[in-house]
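Q: Please take a close look at one part of this model, the aromatic rings and what surrounds them.

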Amino acid sequence: MLKSALDTTYKTARRIIITVIGFTLLLIGVVMLVTPGPGLAAMAGGLALLAVEFAWARAWLKKIRARISDAGQHIRGKSINTHRGE
């Protein structure tokens with residue numbers, strides 16, 4: 001009985017710590033969008049941490065990764081066309 005109570009307490013404490021740190025990173029990232037600093041990286045880190053515990057954060061992170069990948073392909077396509085003289 002004591003072991004299950006400790007296990008439940010550990011899981012709850014872990015979830016609370018991940019939530020607090022994840023949202024803090026996310027908030028700091030938002031602030032750094034308008035101040036000097038790596039805002040997007042902090043936001044991505046916060047979402048990645050929150051994705052450990054929350055499905056909505058996993059979904060947002062998946063969407064953001066897809067958009068970054070699409071943007072990277074678009075930029076690479078433009079730089080290739082620029083180098084060809086088009």
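To start, is W60 buried, exposed or partly exposed?

A: This is a predicted model. In it, W60 counts as partly exposed, because its relative accessibility is 49% and the exposed class begins over 50%.

W60 belongs to a group of rings. The structure holds 3 aromatic pairs. One of them joins F23 and W56: the ring centres are 5.9 Å apart and the planes are at 25°, so this pair is stacked. F23 sits in helix α1 (residues 2–34) and W56 in helix α3, so the pair ties together parts that are 33 residues apart in sequence. Both rings are open to some degree. F23 counts as partly exposed at 39% relative accessibility, and W56 is partly exposed as well, with a relative accessible area of 33%.

W56 also pairs with W60, and this pair is edge-to-face, with 5.5 Å centre to centre and 75° between the planes. The two residues are 4 apart in helix α3, which means that about one helical turn separates W56 from W60. Ring pairs link F23, F54, W56 and W60 into a cluster.

F54 leads from the rings to the interior. The largest nonpolar core has 7 residues, L26, L47, L50, A51, F54, A57 and L61. The elements giving two or more residues to this core are α2 (39–51) and α3 (55–83), and the largest share, 3 residues, comes from α2. Within this core, A51 can be followed further: leaving aside neighbours within four places in sequence, A51 is in contact with A57, R58 and L61.

Notes
Residues are numbered from 1 along each chain as its sequence is written. This is a predicted model: local features need pLDDT of at least 70, side-chain atom pairs count only at pLDDT 80 or more; totals for chains, interfaces and linings use all residues. Side-chain values use heavy atoms; hydrogens and water are left out. A nonpolar core is a set of buried Ala, Val, Leu, Ile, Met, Phe, Trp, Tyr and Cys residues joined through side-chain atoms within 4.5 Å. Buried means under 20% relative accessible area, exposed over 50%, partly exposed in between (1.4 Å probe, protein chains only). Contact means heavy atoms within 4.5 Å. Rings of Phe, Tyr and Trp (its six-membered ring) pair if their centres lie within 6.5 Å; planes under 30 degrees apart count as stacked, over 60 as edge-to-face and the rest as tilted.
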